[in-house]
Amino acid sequence: MTGVAAQMCGDRKTIILLGYKVELDGTILREETDENGKKTWVHFSKLGARKAVLNDLSPAATFIAYNYNTPVDVIAFEREAKRILREVEDECGWMYETNHNGAKDLDGNEIKGKINYTVWSDVFICPECAGEVVFWEVAVDKDAGKVRDIFPCPQCQAQLTKRKMERAWTTKYDSALNETIKQVKQVPVLINYTVSGARGRFEKRPDESDLALIDKIENASIPYWFPTDKIQKGVKTGEPIRIGITHVHHFYTKRNLCALSSLISHCNLQNCSMFLASSIINRSTIMNRIHLKYYFFGGGGWNAGYMKGTLYISSLPIETSISEQVESRIKSIGRAFSTKENVEGIFEIGSSSLERLIMPNCSLDYIFLDPPFGSNIMYSELNILWESLLKVRTNNKSEAIENRFQNKGLQEYRQLMTSCFKEAFRMLKPGRWMTVEFSNTKASVWN
């Protein structure tokens, strides 16, 4: 966003909205009060885009920065996005079809609906009778719109809590890894879909044809590339690994993984990279959660999205159709692109540690620094979905965080931060300014 702000320094309307005056020759005036209490307008600056050097250790961050600061042909973007969507639909549309509750058309054919999203549920084992317990069916209080703390086993009526139960597991062959894997068992419990020509949306419990479709997709091969990076042990990766999510592609249902790989194969990342990233990276994973109150009573979006700052996987994940997400984002992203200042050649961008930034001494007029906040956010771990798609991973050796899996405590964090501040001082011109955005509740970090 520093790059965006640098570009907006050349936008007259933006400068005026900030409370300044802009003369016809581009002179910027600000209001000051003299020693006599009189307000006057004095020369402050000059209208014009500033040259920005944007840098971050994370390839995901520099990927975002590049797309925010690069001019985009909005018409060409929307045309390309719609073409990709059509090709994905042609190839994978059958995977998101469901029968409309047995209804038939005039020719006697089953009326098909287009799946918008599918709610899945964890399956547990009752400790009393060893029967399977579908979490959605027994734990969700549909009248109150929340999960019950205590609920009965559907087989033996024993009073259960989530903590008392063990998870049910399933074993399957992973063709991408060429090995058998073990993961927690989840089953589809609700399908939301749309029927062409009919008003509104419909819902149903998955029937035999829906389950057969899922089995067919599970046994199908994916003809295109998709990310399969192994998830390394870390502070935030323990939760997915614990339930069998050991590689990046495990964050997706097989159906969404097929559609995702199809989209990637048809997508020119140079032209549609921001579209791809904004539309599908996180909200197409099993980290998406259902917002029960909104789902049952309205008042907001039913999709609570993923929990930021962690890799948490809910017991009630939502599988949202890739096409559904892409279609809903084309217009909104197009509008966002159309508001950008198309100023070219005013920024440089790189992915490296601030410890070793290749810049001349005393070369920068101003630095805005937003460093990691100790152990607050594990950036390199949380960016694994983005970076596996980009095929470039963070070199976390220089990542300035506290992380026991990287053998970094408070002392190591301080050393890395000190090196970065020394480098910032080296690059800053004498008498110029640096802004540091920092927040941490641990007093030890500040000392």
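Biologist: Which residues form the positive surface patch?
Modeller: This is a predicted model. Lys and Arg are the residues that count as positive here. In the patch they are Lys-82, Arg-86, Lys-331 and Arg-335.

Biologist: Which helices each supply at least two residues of the positive patch?
Modeller: The patch consists of Lys-82, Arg-86, Lys-331 and Arg-335. Two helices each supply at least two of its residues. They are helix H4 (74-92) and helix H11 (322-338).

Biologist: Is Arg-335 buried or exposed?
Modeller: Arg-335 is found in helix H11. Its relative accessibility is 54%. The cut-off for exposed is over 50%, so Arg-335 counts as exposed.

Biologist: Which residues form the nonpolar patch on the surface?
Modeller: Together they have about 390 Å² of accessible area. One of them, Tyr-366, lies in strand S21 (residues 364-369). The patch is formed by Tyr-366, Phe-368 and Trp-433.

Biologist: What does Tyr-366 count as, at 45% relative accessibility?
Modeller: Buried means under 20%, and exposed means over 50%. Tyr-366 has 45%. Because that value falls in between, Tyr-366 counts as partly exposed.

Biologist: Where is Trp-302?
Modeller: At 22% relative accessibility, Trp-302 counts as partly exposed. Helix H10 (292-297) comes before it and strand S18 (303-305) after it. Trp-302 sits in the loop between them.

Biologist: How many Å apart in space are Trp-302 and Arg-289, C-alpha to C-alpha?
Modeller: Arg-289 is among the residues in contact with Trp-302, as are Tyr-117 and Ile-318. In sequence, Trp-302 and Arg-289 are 13 residues apart. In space, their C-alpha to C-alpha distance is 8.6 Å.

Technical notes: Residues numbered from 1 in each chain as written. Predicted model: local features only at pLDDT ≥ 70, side-chain atom pairs only at ≥ 80, totals over all residues. Heavy atoms only, no water. Helix = DSSP H or I, 4+ residues; strand = E, 2+ residues; numbered from the N terminus. Buried < 20%, exposed > 50% of the residue type's maximum accessible area, 1.4 Å probe, protein only. Contact = heavy atoms within 4.5 Å. Patch = residues over 30% accessible without salt bridge, like charges linked within 9 Å, V, L, I, M, F, W, Y side chains within 5 Å. Areas by Shrake-Rupley, 256 points an atom, 1.4 Å probe, with all protein chains shown as cover. Salt bridge = Lys/Arg side-chain N within 4 Å of Asp/Glu carboxyl O. Charge placed at Lys NZ, Arg CZ, Asp CG, Glu CD. Lists of a residue's contacts leave out its neighbours within four places in sequence.
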